[in-house]
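Student: I would like to go through this model term by term. Where do we begin?
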Amino acid sequence: MKKATITTLVGATLTLFAGSAIAECNISSGSVRILGNDFDSIRTVTDQASACASSGTTVRVNLTTEHKNIQVPALTITPAEYTVALIANNSISPLLSADLVRPLNDLVEKYGQDLLPNQLIRTGDDIVAIAFMGNAQHLFMRGDILDDLGVEPPATYEEIIDVAEMIRSEGIMEYPLAATYEAGWYLAAEFVNMHLGMGGQFFEAGSAQPALNNEAGVRTLEMMKTLTEYMSPEYLTVTADEMKQMYLAGEVAIMNQWGSMVAGHLGEDSGNQQISEATILAPAPTAHGNNTPAAALWWDGFTIAKNISDEDAEASFQAMMYGIRPDMAQQNPNAATWLIKDFDAPDTAQGVLQTARLGARGYPMSPFMGYMHAALGTELSDFMQGRESAEQALMDVEASYLASVREAGLAN
Amino acid sequence: MEQTTVNRRPLLLSTTSSLFLVLWLIVAAFPFLWTVWGSFKVEADFFSRENWQLAITGLNTIGQTGSAFTGDGYQGAWIERDFWKAAWNTVIVTVSVTAISLVLGTLGGYALARSARRYTLWILITALVFRAMPHITLVSGYMLPFFEWNVWGALPTAIIVLVAINQPFALWMLHSFFLSIPKDLDESAMVDGCTRFQAFRQVVIPVMWPGVITTGLFSFLLAYNDFAVTAMLLNQDNQTMVPKIASFLGTVQTEGAVMYAVAAVVSATVPLFMLVMFFQRQIVSGLTAGAVKG
Amino acid sequence: MTHKTFFAFIFPSLLAMILFIALPIGSIVVQSLHVEHPRVLVEVENCGPFGCERETRVDTAATQALQEAQPMGQFNGLGTYFDRRHLATEEVSRIFSDNEGVADIARQMYNLPFYKALSFTLVYTFIVTPLGMALGFSIALAVNSIPRFLKGPIIFFSLLPMIVTPLVGSLILFWMINTQGVIGSNLQLLFDDPDLSLRASPLLTWVTLIVYGVWSMAPFSFVVFYAGLQTVPSDTLESAKIDGASRWERIRYVVIPHLIPLATFVALVQLMDNFRVFEPIVGFSAEANATSLSWNIFNDLRGQVDQQYSSAAATSVLTVFGVVVLLMPVLVRLWRDFNRKA
């Protein structure tokens, strides 16, 4: 921990030095007001963007875990309370649906020389956001245990179950698997992962009608349920944070963990160097003979508010471009899986990058997905505890989802 | 009198009673004392899934810092992540909320206790219904107007909202206290030529202090522990302690930041300890004065 | 007191409540009767770092015209109240017409989110309120009989469960009841059951939440009752003693009647607060097995990227309605007392 503190301090000092190069920002005037989620890699970016403050330019940052509850009302007024909203593929939808996002085509043309084409988030012809980091859940495995058993690292869920069975019958661990199955957001996210891996769809093409209650949906749930047989009985309360602790305590051999948390598992302060060193990172597994990894890919990015002056929009875009410039990614290679130009990804980022390379699909950027995710989160726990059938659970999800989208005016 | 009763208690009863009390104290205080102890350890010890005894022995703490106790959590929270700023904002918010709540509450509570008209009952019942409304629903309703009026994010906004949310409870409690103070007191003062307000200010309030202090403590606790209002209505610079602690926990926890939260919670309890020690006699005598009537 | 003086005194307080509680409640009720306009949907190609997909999006320009005409949204009457996420009238009548006995009705009803939340909320309220009050009362009796110099610190430690921020309090307790945590693993030893986990089964989750509820609610009752005990007239106690009343009889016939008005006040506040139980459910990650009405509201407003205002508004109105029903006995008593006084 001590070390971590020092590194952060050194990092902060570097930022200060970098900040002296205001010339690079080249913003003459304007007001930059940033709203975003509160975690370290975001803070890295906003600290850099803050360095653009000068006599004519103000930069104000508000990072809060409540950002998604604040963003819609804050951007609705004119002029908007914030000029920049940091979002991810799920949290951009409410902004798009309420028409609060400024198309960035002109600004990208003017200031976007450093952007890679795949950083541009488009809907139709409009560039609506710029992505700068990626994330996904992928496999973390105990190489030492696999070696002892003499098996290759599993790459599909079917193989994972076989290996789990071996670990159990060898008496190494009673519950060798773990997943973030906490009822609510996490459980729904895991369903999305698996469902994408099963080749499933969430909606009927071109409409808000749900398309879950079918073979792919049932298969998804059954696979999830089978996996729980090898998980600690508390599986419905396990979050990503808790899973990390379980893994580092040596309770778990194979798990599907968030790529953004690699540093916590493999870093010097993990609390269990033996396990950290034995860990193998691998892309998310596939299932049911499909080639698509069972993981949704996430990106974090920024949008510019619509209801602000062109001057502020320009200043904000420039400040953010400075915040995510290639230099920044190179100075902080372990902070995140940057999607930024010239980023030389370290080994720790390979789990996410390979999952993407194998063709995993992005988390759907659809206006209905938030409602679907919420319905999944509340309605699946009965099935996961064996209190109802997969078909009944999927029916409940669809019914709950439909009630929500009707209220939102997205279906009738 | 009390003392003689104690002396005459049969041995069996007093032993059972003491045992029960000791048991309760363990149950009540143990989680907190455990937290105080743990706040000087590293995350791998305090939040260990291997063995809870690590939190006592601190093996990882020794491994990572070289000593069995570390102030890293406190240093991280107070210095690196500016917890002092949140502490200062909390002081402003809690002191203002308590003071304003009490001023409005004593005025209103006094009027409710002294008027025998039917509408006082309706006001009291409506206030109860108001208190039943979940705070998060209220707060979501404020967001858009507050942004439009450009008052979102500022401390006074959160203070006024907390005062309003706290009014039903303050009115009820203070109204009950005023009921227990004889009417003759202020009426005779008014016969002597005081106005209603002078009688209230100079005759009633001096005997009301215990009640005011008790209500003040509960108002204080409400403002101090609030998350629903402050997390949504304050921007980062104006954050109070509880949302700040929540931000240490984050959406996904950062290495070591959990211990910042633990250290912050322990630090946040210290002023409360002093407050309770200072006011404990008044809390008790305060509630006594207003034999609160349902 | 004249009307004018009365309103002069109460005006600031009323103004604050009208502005920040009554008006929002008004808008919440109106909101619960409306739903959003039908949105105009178009299909577009969304592209990102991981490729392109054909997805639907809202045609904002076309939708805006509708919204400007009717900014509150579309009037829906009590539709939201009766939909599946709330009272679920349609589903309920189906369950009652097509079932395999009482157990099946209970099971099917429990599958509906509102009734699932309501059942835990009611069980929690009706167990935690009396137990918390009884525990608080017992502590008050015990503290009342100890030497004076011990009282100060003991009062502080007894208040701790109420003081520590629930946000972190429940996080730490949650960790302590882990199978490897200090409480969890000692419970395993105590019950000699290495698989005992307070978080795995629905029943144990409920028990844990209720124990937590009693623990965190007892201090409030304790403070109020302890204060009340100080006012018990000692001459009444003495004369009861002379009349030969036993210790228990004195508590039963002198102390408890004296504390009844206080108990009503405590019950009022605690019933209301317990009915709105929320924090422990989040803190203990218990939503798989226990949800409450407040949790449902939270989930609609904060648990996801979209805020479902109408749904949350409807649940809130139902919650307030529930509280009023719960408090009815107290309100009726209040009304009678008042009429007697007037």
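Tutor: With a definition. The radius of gyration is taken over C-alpha atoms, and the globule rule is 2.2 Å times the number of residues to the power 0.38. Keep in mind that this is a predicted model.

Student: What makes chain A agree with a compact globule?
Tutor: Put its 412 residues into the rule and a compact globule would have a radius of gyration near 22 Å. Chain A has 22 Å, so the two agree. Along its principal axes, the C-alpha trace of chain A spans about 70 × 55 × 30 Å.

Student: What share of the residues in chain A is buried?
Tutor: The cut-off is 20 or more other C-beta atoms within 10 Å of the residue's own. Of the 412 residues in chain A, 59% are buried.

Student: What share of the contacts in chain A joins residues 24 or more positions apart?
Tutor: A contact needs C-beta atoms within 7 Å. Take the contacts in chain A with a separation of 6 or more: 75% of them join residues 24 or more positions apart. As for secondary structure, chain A holds 18 helices and eleven strands.

Student: Why is strand β8 of chain A called mostly covered?
Tutor: Count its residues, 254–258. Five of the five are buried. Each therefore has 20 or more other C-beta atoms within 10 Å of its own.

Student: How do you know that β6(A) and β8(A) pair?
Tutor: Pairing takes at least two bridges. Strand β6, residues 137–142 of chain A, shares five with β8(A), so the two pair, in the antiparallel sense. M141(A) has I254(A) of β8(A) as its bridge partner.

Student: How do you know that β7(A) and β8(A) pair?
Tutor: Strand β7, residues 177–178 of chain A, has two bridges to β8(A). The threshold is at least two, so this is a pair. The sense here is parallel. L177(A) stands opposite I254(A) in β8(A).

Student: How many residues of chains B and C are in contact with each other?
Tutor: 77 residues of chain B are in contact with 81 residues of chain C. Several helices of chain B each supply at least two residues to the side that touches chain C, including α2 (11–38), α7 (83–114) and α12 (196–225). α15(B) gives the most, with 13 residues. That side of chain B divides into 54 nonpolar, 16 polar and seven charged residues.

Student: Which domains does chain C have?
Tutor: The domain assignment gives domain 1 (36–75), domain 2 (77–111) and domain 3 (114–341). The C-alpha centres of domains 1 and 2 of chain C lie 33 Å apart.

Key:
Residues numbered from 1 in each chain as written. Chains lettered and ligands numbered in written order. Predicted model: local features only at pLDDT ≥ 70, side-chain atom pairs only at ≥ 80, totals over all residues. Domains from an automatic or database assignment. Contact = placed C-beta atoms within 7 Å. Helix = DSSP H or I, 4+ residues; strand = E, 2+ residues; numbered from the N terminus. Nonpolar A, V, L, I, M, F, W, Y, C, P; charged D, E, K, R; others polar. Buried ≥ 20, exposed ≤ 12 C-beta atoms within 10 Å, placed from the backbone.
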